[in-house]
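Me: Hey, got a minute to go through this one with me? I'd like to start with the basics and then poke at a few spots.

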Amino acid sequence: MLGLLSPQDAADVIEDIPEVQAAEMVEDMSSEQAAAIMKELSSDHLVDVLGRMDENVSQAILAKMHRDDAEEARMMLEYQPDCAGGIMISEFLAYRSDHTIMDVQNDLQA
């Protein structure tokens, strides 16, 4: 099913299903196709799904990803899932100084 979707649409589906199911679905794909989808995930979802996979499969996917992204994912995989490092994300949000607090709150809630 995921293989029929664009990488972005497949990533959207993965973010809405349990990690175990997502990992099983991605494991059945080619490493190239899986890497294209995983690239579209936020860092926390990426690591959660990779962490649920067979290590050989996850390493094959990481090998097909951009080197910097793969290195970051490998670093985050070293943390236990329930510790601060395991739940952190590497993305950040930046707002211009002319945004009001209300603008920022609305954006964060969206």
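**Helices and how they pack**

Reply: Sure, and one thing to pick up on the way: the crossing of H4 and H6 is right-handed. Keep in mind that this is a predicted model.

Me: OK, let me back up. How many helices and strands are there in the protein?

Reply: The protein has 8 helices and 0 strands. Going along the sequence, the pattern reads α-α-α-α-α-α-α-α.

Me: And what box do the C-alpha atoms fill?

Reply: Roughly 45 × 30 × 25 Å, taken along the principal axes.

Me: What share of the residues counts as buried?

Reply: Of the 110 residues, 27% are buried.

Me: What about contacts between residues far along the chain, say 24 or more positions apart?

Reply: Such pairs make up 56% of the contacts with a separation of 6 or more.

Me: Back to that crossing. At what angle do H4 and H6 pack?

Reply: About 65°, with the axes 10 Å apart. H4 covers residues 43-51 and H6 covers residues 67-77. That angle makes H4 roughly perpendicular to H6.

Me: Which residues meet there, on H4 and on H6?

Reply: From H4 you have Ser43, Leu46, Val47, Leu50 and Gly51. Across from them in H6 are Glu72, Ala73, Met76 and Leu77. Sorted by class, that contact has 6 nonpolar, 2 polar and 1 charged residues.

Me: Let's zoom in on Val47. Is it buried or exposed?

Reply: Val47, which lies in H4, is buried, because its relative accessible area is 9% and the cut-off for buried is under 20%.

Me: What is Val47 in contact with, leaving aside neighbours within four places in sequence?

Reply: Ala73, Met76 and Leu77. Those three also appear on the H6 side of the contact with H4.

Me: And where's Asp98 compared with Val47?

Reply: Val47 and Asp98 are 51 residues apart in sequence, and their C-alpha atoms are 34 Å apart in space.

Me: Which residues of H4 are buried?

Reply: Ser43, Leu46, Val47, Val49 and Leu50. They span an arc of only 165° around the axis, so they sit on the same side of H4.

Me: Why would residues three or four places apart point the same way?

Reply: An α-helix has 3.6 residues a turn, so residues three or four places apart point the same way.

Me: Makes sense. What do the buried residues of H4 pack against?

Reply: Quite a list: H1 (7-15), H2 (19-27), H3, H5 and H6.

Me: Let's look at H1 then. Which of its residues are buried?

Reply: In H1, the buried ones are Ala10, Ala11 and Ile14. Their arc around the axis is only 100°, which puts them on the same side of H1.

Me: What covers the buried residues of H1?

Reply: The cover includes H2, H3 and H4.

Me: New topic: H3 and H5. At what angle do their axes cross?

Reply: Roughly 70°, and the axes come within 8 Å. Here H3 is residues 31-38 and H5 is residues 55-64. The two helices are therefore roughly perpendicular to each other.

Me: Who meets whom between H3 and H5?

Reply: H3 brings Ser31, Glu32, Ala34, Ala35 and Met38, and these meet Ala60, Ile61 and Lys64 in H5. By class, the contact of H3 with H5 divides into 5 nonpolar, 1 polar and 2 charged residues.

Me: Ser31 caught my eye. Buried or exposed?

Reply: Ser31, found in H3, counts as buried because its relative accessibility is 18%, and buried means under 20%. Leaving aside neighbours within four places in sequence, Ser31 is in contact with Ala60, Ile61 and Lys64.

Me: What about Val57 and Ala63, which helix are they in?

Reply: Val57 is in H5, and Ala63 is in H5 too. At 26% relative accessibility, Val57 counts as partly exposed. Ala63 has 57% and counts as exposed, since exposed means over 50%.

Me: Last one: how many Å is Val57 from Asp9, and Ala63 from Asp16?

Reply: C-alpha to C-alpha, Val57 and Asp9 are 22 Å apart in space, with their positions 48 residues apart in sequence. For Ala63 and Asp16, the distance is 25 Å, and they are 47 residues apart in sequence.

Terms used
Residues numbered from 1 in each chain as written. Predicted model: local features only at pLDDT ≥ 70, side-chain atom pairs only at ≥ 80, totals over all residues. Heavy atoms only, no water. Axes fitted to C-alpha atoms, helices over the stretch in contact; angles between N-to-C directions. Helix = DSSP H or I, 4+ residues; strand = E, 2+ residues; numbered from the N terminus. Parallel < 35°, antiparallel > 145°, perpendicular 65-115°, else oblique. Left-handed = near helix turned anticlockwise from the far one by under 90°. Contact = heavy atoms within 4.5 Å. Nonpolar A, V, L, I, M, F, W, Y, C, P; charged D, E, K, R; others polar. Buried < 20%, exposed > 50% of the residue type's maximum accessible area, 1.4 Å probe, protein only. Arc of directions from axis to C-beta.
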